[in-house]
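Dear colleague,

I am passing on to you the structure we spoke about, with the sequence alongside. Please open both before reading on, since the notes are meant to be read with the model in view.

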Amino acid sequence: MTIPIRDDLTYILLKKIGSGNGRGESEIRNAAEEYVGHEVAEAELLGHLDYLNQREFIKAEFSGQPYGGAELLPPLVAFQEAELTEKGHKLLQKMETNPPQSLHHEGAAVPIASKDMPFLEKVMLKGHLEDIFDARDITELVYRIMRDVMTTEASDRVESELHKEVLPTDDKTLQQEIADLWKDTNPLVGLLSRIRQPLTGEPAPWGIDGNLFARRVELEGALPSGVKPETAIAAVFSATKDELSQERIQEIAGFLPDRIRGIWESA
């Protein structure tokens, strides 16, 4: 059973545990439901807690044993207590850098305004990546493959719309525009990419189909354990679409191969 990881529930759980009140399943569920505005299923709650524990954002204790040694399933397992790790504190701080204006509006919960978060924060959280630098590297890789299947003219039009900083920071290595991530950092490769035809329209290895697109992200991206290439691709796609006009979004879709186009359209 796969549990989709939600930004709003992740944020609330980190905040609750970080306050020193991460004890008892019913208490933490009540806190989560108060903020997200509806009943949180036990499997969903355990799935998020297990994800945070496996990724070492929290140090949690559960009663019982995971079913089949792989998944936490009620009623075999119950949450006991948890505390934030140093890594968890850093993630919470990152999420609070641009917190939601409010998780309530006239009694109904609203999701975290991820659209208003800095670009690389979106990629990191939606892609379940370790840090901002991983998000930057994955973005550059996905962009490189996207450019490989696009015409030079279309690539230039995309670049023209990506003039926004990737992250408010004093770290000079991250003081970039999104357009800087779109460009190829290797001058020779960048030149060759501008004079060759798009690598699409033919099956791999001569062209880039959906399987090869995902395979390149998997092999070249150094993804954290458990993160599928499709997850990282969708994270980059989602953050990128927030910055583009509908005209550019539709133009890019026309270049992407089969199932990758589906990820783009649903991101």
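Below is what was found, beginning with the overall make-up and then moving to particular places in the chain.

Please keep in mind throughout that this is a predicted model. The protein has 267 residues, of which 45% count as buried, and its secondary structure consists of 13 helices and 4 strands. If one takes the contacts between residues at least 6 apart in sequence, 65% of them join residues that are at least 24 apart.

I would start with helix 13, which spans residues 258-266 and in which Ile 260, Ile 263 and Trp 264 are buried. These three cover an arc of only 100 degrees around the axis, and they therefore sit on the same side of helix 13. Glu 265 and Ser 266, on the other side of the helix, are exposed. What do the buried residues of helix 13 pack against? Their partners are helix 6 (132-148), helix 10 (210-220), helix 11 (229-241) and helix 12 (246-255).

Helix 13 is also tied to helix 11 through a salt bridge, in which the side chains of Arg 259 and Glu 230 meet at 3.0 Å, N to O. This pair links distant parts of the chain, with Arg 259 in helix 13 and Glu 230 in helix 11, 29 residues apart. Arg 259 counts as partly exposed because its relative accessibility is 35%, and Glu 230, with a relative accessible area of 27%, is likewise partly exposed.

There are 15 salt bridges in the structure, and two more of them deserve a look, each lying within a single helix. In helix 10, the side chains of Glu 218 and Arg 215 meet at 2.9 Å, N to O; the two residues are 3 apart in that helix, so about one helical turn separates them. Glu 218 is partly exposed at 40% relative accessibility, and Arg 215 is partly exposed at 41%.

In helix 12, Glu 251 forms a salt bridge with Arg 248, where the closest N and O atoms are 2.9 Å apart, and here too the partners are 3 residues apart, about one turn of the helix. Are these two partners buried or exposed? Glu 251 is buried, since its relative accessible area of 19% falls under the 20% cut-off, and Arg 248 is buried as well, with a relative accessible area of 8%. Salt bridges that share partners join Arg 157, Glu 161, Glu 247, Arg 248 and Glu 251 into one network.

Turning to the interior space, the structure holds 1 cavity of 30 Å³ or more, and the space in this largest cavity comes to about 110 Å³. Its lining is made up of 11 residues, and those nearest the centre are Thr 10, Tyr 51, Leu 91, Leu 125 and His 128. Helix 1 (7-18), helix 4 (86-96) and helix 5 (119-126) are the elements that give two or more residues to this lining. By class, the lining has 8 nonpolar, 2 polar and 1 charged residues.

One of those lining residues, His 128, also has a notable backbone: its phi is positive, at about 55 degrees, although it is not a glycine. His 128 lies in the loop between helix 5 and helix 6, and it counts as buried because its relative accessibility is 18%.

Glu 56 likewise has a positive phi, of about 65 degrees, although it is not a glycine. Glu 56 belongs to the loop between helix 3 and strand 1 (58-63), and at 55% relative accessibility it counts as exposed.

Finally, Gln 54 is found in helix 3, which covers residues 42-54, and it counts as exposed because its relative accessibility is 56%. Which separation in sequence and in space lies between Gln 54 and Gly 226? They are 172 residues apart in sequence and 10.0 Å apart in space, taken from C-alpha to C-alpha.

With best regards

Methods:
Residues numbered from 1 in each chain as written. Predicted model: local features only at pLDDT ≥ 70, side-chain atom pairs only at ≥ 80, totals over all residues. Heavy atoms only, no water. Buried < 20%, exposed > 50% of the residue type's maximum accessible area, 1.4 Å probe, protein only. Arc of directions from axis to C-beta. Contact = heavy atoms within 4.5 Å. 1 Å grid on protein atoms, 1.4 Å probe; cavity = no way out; pocket = protein on both sides within 12 Å on 5 of 7 lines; lining within 4 Å. Points joined across faces, edges and corners; volume = space filled by probe spheres on them. Nonpolar A, V, L, I, M, F, W, Y, C, P; charged D, E, K, R; others polar. Salt bridge = Lys/Arg side-chain N within 4 Å of Asp/Glu carboxyl O.
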